[in-house]
Amino acid sequence: SEPVIVIPETDNLAKMFPDKTYSSYALGWIVEDFRNRRVLVHPGNANGMRALVALIPEERLGVVVLANRELTPLP
């Protein structure tokens, strides 16, 4: 996936992920870097369920997280 739209970094995200230098959107995938590796991420949710797929192509690594839970807002 090639980046199409740049996602601006916020101060909070920059503090949480100091090794990340860019984030963008590429036709359904979020494309970012982490420690000099390209990372493709696709989050999703439906009523009562959440999902996240993350790929690091150059490492031939993929992770899928599935949960039966809604996102809980922080207090």
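This report describes a predicted model of one protein, moving from its overall make-up to its strands, turns, charged pairs and surface.

## Overall make-up and confidence

The protein contains one helix and six strands, and when these elements are read along the sequence they follow the pattern β-α-β-β-β-β-β. Of the 75 residues in the protein, 13% are buried. The exposed area of the protein comes to about 6100 Å², and carbon and sulfur atoms supply 61% of that area. Among the contacts in the protein with a separation of 6 or more, 10% are between residues that stand 24 or more positions apart.

Confidence in the model varies along the chain: the mean pLDDT of the protein is 78, with 60% of its residues reaching 70 or more. Among the elements, helix α1, which covers residues 11-16, has the lowest mean pLDDT, at 61, whereas β6 has the highest, at 94. Where pLDDT is low, the predicted coordinates should not be read in detail.

## Paired strands and their hairpins

Strand β3 covers residues 29-34 and strand β4 covers residues 37-46, and these two strands pair in the antiparallel sense over five bridges. One of the facing pairs is formed by Phe34 and Arg37, the latter being the bridge partner in β4. The two strands form a hairpin with two residues between them, and in this turn Arg35 has a positive phi of about 50 degrees.

Strand β4 is also joined to β5, this time by seven bridges, and the two strands again run antiparallel. Here Leu40 stands opposite Leu55, which belongs to β5. The hairpin of β4 and β5 likewise has two residues between the strands, and Gly48 in this hairpin takes a positive phi near 80 degrees.

## Residues with a positive phi in the loops

Most residues other than glycine have a negative phi, and most peptide bonds are trans. Against that background, two loop residues deserve a separate look.

Asn36 is not a glycine, yet it has a positive phi of about 65 degrees. Asn36 lies in the loop between β3 and β4, and with a relative accessible area of 70% Asn36 is exposed, because exposed means over 50%.

Arg60, which is not a glycine either, has a positive phi of about 55 degrees. The place of Arg60 is in the loop between β5, residues 49-56, and β6, residues 61-67. Arg60 counts as exposed, since its relative accessibility is 80%.

## A charged network around Arg37

The count of salt bridges in the model comes to two. In one of them the side chains of Arg37 and Glu58 meet, with a distance of 3.9 Å from N to O. This pair links distant parts of the chain, for Arg37 is in strand β4 while Glu58 is in the loop between β5 and β6, 21 residues apart. Glu58 is exposed, with a relative accessible area of 52%, whereas Arg37 counts as partly exposed at 31% relative accessibility.

Arg37 also forms a salt bridge with Glu59, in which the closest N and O atoms are 2.5 Å apart. Because Glu59 lies in the loop between β5 and β6 and Arg37 in strand β4, this pair ties together parts that are 22 residues apart in sequence. Glu59 counts as partly exposed, at 42% relative accessibility. Salt bridges that share partners thus join Arg37, Glu58 and Glu59 into one network.

## A nonpolar patch on the surface

Leu52, Leu61, Val63 and Val65 together make a nonpolar surface patch of about 310 Å². The largest share of this patch, three residues, comes from β6, the strand that has the highest mean pLDDT among the elements of the protein.

Val65, one of the patch residues, is found in strand β6. With a relative accessible area of 44%, Val65 is partly exposed, and Val65 can belong to the patch because patches are made of residues with over 30% relative accessible area and no salt bridge.

Technical notes. Residues numbered from 1 in each chain as written. Heavy atoms only, no water. Helix = DSSP H or I, 4+ residues; strand = E, 2+ residues; numbered from the N terminus. Buried < 20%, exposed > 50% of the residue type's maximum accessible area, 1.4 Å probe, protein only. Patch = residues over 30% accessible without salt bridge, like charges linked within 9 Å, V, L, I, M, F, W, Y side chains within 5 Å. Areas by Shrake-Rupley, 256 points an atom, 1.4 Å probe, with all protein chains shown as cover. Salt bridge = Lys/Arg side-chain N within 4 Å of Asp/Glu carboxyl O. Contact = heavy atoms within 4.5 Å. Pairing = 2+ DSSP bridges. pLDDT = per-residue confidence, 0-100.
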